[in-house]
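Subject: Structure for your files

Hello,

Here is the structure I said I would pass on. My notes on what I found follow below it.

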Amino acid sequence: MSTAKSDYKKITTNSVQEMKRNGEKISMLTAYDFTMAKIVDSAGIDVILVGDSASNVMAGHETTLPITLDQMIYHASSVVRAIDRALVVVDLPFGSYQGNSKEALTSAIRIMKESGGHAVKLEGGTEIVDSIERILKAGIPVMGHLGLTPQSIYKFGTYTVRAREEAEAEKLLEDAKALEAAGCFALVLEKIPSALAKRVAESLDIPVIGIGAGPDVDGQVLVLHDMLGMTHEFHPRFLRRYLDLYDQITGAVGNYVTDVKNREFPNDKESY
Ligand SMILES: Nc1nc(=O)c2c([nH]1)NC[C@@H]1CN(c3ccc(C(=O)N[C@@H](CCC(=O)O)C(=O)O)cc3)CN21
Ligand SMILES: CC(C)C(=O)C(=O)O
Ligand SMILES: [Mg+2]
């Protein structure tokens, strides 16, 4: 497939599964606010993730752990108001689903009811299958997330590539199969070897969307602010920058400051 954006009018969980069956790659980016979501949706993205990376990108926290369910709902409701076409998936934040399956369901229902998002994403494998099943029984689509799972960063201590060792790789494949069996409509794989990601994508019928998982998966996801070059200090190997907005914004703001200082803004045409 060499087409740019596909001709789906509205993306659903069924559409992304159909894309995998048809060999069409799935495009996914994060968004956390109305204005950015409107641009990304108009540009033809398939899936918008309201990621808990908002904790880093929007709020300046070091990890994704501090962001709350209320804050995720605020971001997600802003995104939902902007979109005409994309499927909107919302991360369940740390602490809103790990307690038990009832807590997970309550959190997922709040996301759906209060934000208008279309699906939720949870980090983890077999240990959260009962929660996933309970959420699915309520009619809420679930996306899985395996490999580098930032909500468990303190268990691992680093953001290095995951599942390099054979035992870990087998465990990840088993987790992926368990998520598919539980009924997840798709799965994110973060920062794992390409060969393993390929194996997972070939072993599953549901779409596998990679970030730092190589080319042989069914779709790709990046954090919007990273690919736009706004997050200056963040340059993992998997990141491709499509713009250098940090530098461009710095230049624009610098020009504005100069104009104000030099009394060159506003001019007559810009005044009443
Ligand atoms: N801005 C942003 N982009 C992301 O992709 C992102 C977030 N925030 N926050 C939540 C998680 C955390 N993620 C991460 C974090 C670090 C690396 C990483 O590769 N860090 C180091 C290497 C660390 C190591 O190898 O020990 C790097 O090279 O930048 C990758 C994904 C992905 N997610
Ligand atoms: C990096 C993606 C997959 C994510 O979970 C996030 O942005 O929170
Ligand atoms: Mg996340």
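**Helix packing**

Helix H8 (residues 166-182) packs with helix H9 (residues 194-203) at an angle of about 25 degrees, and their axes lie 10 Å apart. Angles under 35 degrees count as roughly parallel, so H8 and H9 are roughly parallel to each other. Their crossing is right-handed. On the H8 side the contact uses Ala169, Leu172, Leu173, Ala176 and Lys177, and these meet Leu196, Arg199, Val200 and Ser203 of H9. By class, the residues of this contact are six nonpolar, one polar and two charged.

Please keep in mind that this is a predicted model.

A second helix pair is H4 (residues 69-80) with H5 (residues 101-115), which pack at an angle of about 35 degrees with axes 9 Å apart. The crossing of H4 and H5 is right-handed. H4 contributes Leu69, Met72, Ile73, Ala76, Ser77 and Val80 to the contact, while H5 contributes Ser107, Arg110, Ile111, Glu114 and Ser115. Six nonpolar, three polar and two charged residues make up the contact of H4 with H5.

**Ligand surroundings**

There are also two ligand shells to look at. Which residues are the closest to ligand 1? They are Ser53, Tyr159, Thr160, Val223 and Pro236, out of 16 residues that surround ligand 1. The shell around ligand 1 divides into seven nonpolar, seven polar and two charged residues.

Around ligand 2 the residues are Thr30, Leu49, Gly51, Asp52, Ser53, Asp91, Val188, Glu190, Ile211, Val221 and Val223. Sorted by class, the shell of ligand 2 has five nonpolar, three polar and three charged residues. Ser53 and Val223 are listed for ligand 2, and Ser53 and Val223 are also among the closest residues to ligand 1.

**The protein as a whole**

The secondary structure of the protein comes to eleven helices and eight strands. Its radius of gyration is 20 Å, close to the 19 Å that the globule rule gives for 272 residues, so the protein is as compact as a globular protein of that length. Taken along the principal axes, the C-alpha atoms fill a box of roughly 65 × 40 × 40 Å.

If you open the model, the two ligand shells can be viewed together by way of Ser53 and Val223, which appear in the surroundings of both ligands.

Regards

How values were computed. Residues numbered from 1 in each chain as written. Chains lettered and ligands numbered in written order. Predicted model: local features only at pLDDT ≥ 70, side-chain atom pairs only at ≥ 80, totals over all residues. Near = placed C-beta within 6 Å. Nonpolar A, V, L, I, M, F, W, Y, C, P; charged D, E, K, R; others polar. Axes fitted to C-alpha atoms, helices over the stretch in contact; angles between N-to-C directions. Helix = DSSP H or I, 4+ residues; strand = E, 2+ residues; numbered from the N terminus. Parallel < 35°, antiparallel > 145°, perpendicular 65-115°, else oblique. Left-handed = near helix turned anticlockwise from the far one by under 90°. Contact = placed C-beta atoms within 7 Å. Rg over C-alpha atoms; globule rule 2.2 N^0.38 Å.
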